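Visitor: I like to know the reasoning behind each label in a structure description. Could we walk through this one together?
Guide: Gladly, let's take a look.

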Amino acid sequence: MAIIATTFGTGLSYAGQLPFKRVTAGEMGQKQQRMVVVRAEGGGGGINPEIRKNEEKVVDSVVVTELSKSITPYCRCWRSGTFPLCDGSHVKHNKANGDNVGPLLLKKQ
C-alpha cells in the first residue's frame with residue numbers, strides 16, 4: 001500500500017509515492033522511519049544559478065589526505081564565488097529564502 005501526496009510550496013513540489021509500512025503487533029514499541037524525497041522545480045533555471053554551466057554535469061573529486069587544512073568547507077548552496085569551496089554565501093541565501101543549507105566540512109585526520 002502506498003500514499004500518493006502532492007505538496008506545493010515555495011518553489012518545491014513532491015508528487016509520488018510515499019513509503020508506507022504496515023506495523024504488526026510485535027513492532028508497536030519500535031520507532032518507524034519514513035523518508036520523502038523532494039526535488040526542486042520551477043524558479044527558472046534549477047539549483048545551480050551560474051557555476052560551470054558549460055559542463056553537462058559538475059563533478060568535483062577531493063583526496064582527503066591531501067587537504068592542506070584540518071577542516072575544509074565545501075559549498076552545497078551553489079552560490080559560492082570560490083566554488084567548490086565555501087565562501088559563506090549560504091548565509092545570505094538562507095536569510096533571503098528561509099533555507100537552512102550549510103557547507104560540507106571535510107576533516108583531515
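Visitor: Why does Pro-84 count as partly exposed?
Guide: This is a predicted model, and in it Pro-84 has a relative accessibility of 22%. Buried means under 20% and exposed means over 50%, so Pro-84, at 22%, counts as partly exposed. Pro-84 sits in the loop that runs between β4 (71–74) and α1 (89–97).

Visitor: Which residues is Pro-84 in contact with, leaving aside its neighbours within four places in sequence?
Guide: Those are Asp-60, Tyr-74 and Cys-75. As for Val-58, its C-alpha is 9.8 Å from that of Pro-84, with the two positions 26 residues apart in sequence.

Visitor: What makes Glu-55 and Arg-52 a salt bridge?
Guide: The N to O distance between their side chains is 2.9 Å. The cut-off is 4 Å between a Lys or Arg side-chain nitrogen and an Asp or Glu carboxyl oxygen, so this pair qualifies as a salt bridge. The side chains of Arg-52 and Asp-60 also meet in a salt bridge, at 3.2 Å from N to O. The structure holds 2 salt bridges, and Arg-52, Glu-55 and Asp-60 are linked by such bridges in a network.

Visitor: Are the residues of that network buried or partly exposed?
Guide: Glu-55 is partly exposed at 34% relative accessible area. Arg-52 is partly exposed at 26%, and Asp-60 is partly exposed at 37%.

Visitor: How many aromatic pairs does the count come to?
Guide: The count is 1 aromatic pair. The rings of Trp-78 and Phe-83 have centres 4.8 Å apart and planes at 20°. Pairing requires centres within 6.5 Å, and stacked means planes under 30 degrees apart, so Trp-78 and Phe-83 form a stacked pair.

Visitor: Which of the labels buried and partly exposed goes with each ring residue?
Guide: Trp-78 has a relative accessible area of 22%, so Trp-78 is partly exposed. Phe-83 is at 17%, and because buried means under 20%, Phe-83 is buried. Not counting residues up to four places away in sequence, Phe-83 touches Ile-51, Arg-52, Val-58, Asp-60, Cys-75 and Trp-78.

Visitor: How many disulfides does the structure hold?
Guide: The structure holds 0 disulfides. Cys-77 is in no disulfide, and the nearest cysteine sulfur, that of Cys-75, is 3.8 Å away. A disulfide needs the two sulfur atoms within 2.5 Å, so a separation of 3.8 Å does not qualify.

Visitor: Why is Cys-86 not bonded to Cys-75?
Guide: The sulfur of Cys-86 is 6.0 Å from that of Cys-75, its closest cysteine sulfur, which is too far for a bond. Cys-86 counts as buried at 18% relative accessibility. Cys-77 is buried too, with a relative accessible area of 7%.

Visitor: Which residues make up the largest nonpolar core?
Guide: That core has 5 residues: Ile-51, Cys-75, Cys-77, Phe-83 and Val-101. To take one of them, Cys-77 has a relative accessible area of 7%; a core residue must be buried, meaning under 20%, so Cys-77 meets that part of the requirement.

Visitor: What makes His-90 buried?
Guide: The relative accessible area of His-90 is 15%, and the limit for buried is under 20%, so His-90 is called buried. His-90 is found in helix α1. Not counting residues up to four places away in sequence, His-90 touches Cys-77, Val-101, Gly-102 and Pro-103.

Visitor: Where is Lys-108 found?
Guide: Lys-108 is in the segment after β5 (104–107). Its relative accessible area is 36%, so Lys-108 falls between the 20% and 50% limits and is partly exposed.

Visitor: How do you know that Lys-108 and Ser-70 are in contact?
Guide: Contact means heavy atoms within 4.5 Å, and Ser-70 is among the contacts of Lys-108, along with Val-64, Thr-65, Leu-67 and Lys-69, once neighbours within four places in sequence are left aside. The C-alpha atoms of Lys-108 and Ser-70 are 4.8 Å apart, although the residues are 38 apart in sequence.

Visitor: What pattern does the protein chain follow along the sequence?
Guide: The pattern is β-β-β-β-α-β, from 1 helix and 5 strands. Of the 109 residues of the protein chain, 20% count as buried.

Methods:
Residues numbered from 1 in each chain as written. Predicted model: local features only at pLDDT ≥ 70, side-chain atom pairs only at ≥ 80, totals over all residues. Heavy atoms only, no water. Buried < 20%, exposed > 50% of the residue type's maximum accessible area, 1.4 Å probe, protein only. Phe/Tyr/Trp six-rings, centres within 6.5 Å; stacked < 30°, edge-to-face > 60°. Helix = DSSP H or I, 4+ residues; strand = E, 2+ residues; numbered from the N terminus. Core = buried A, V, L, I, M, F, W, Y, C linked by side-chain atoms within 4.5 Å.
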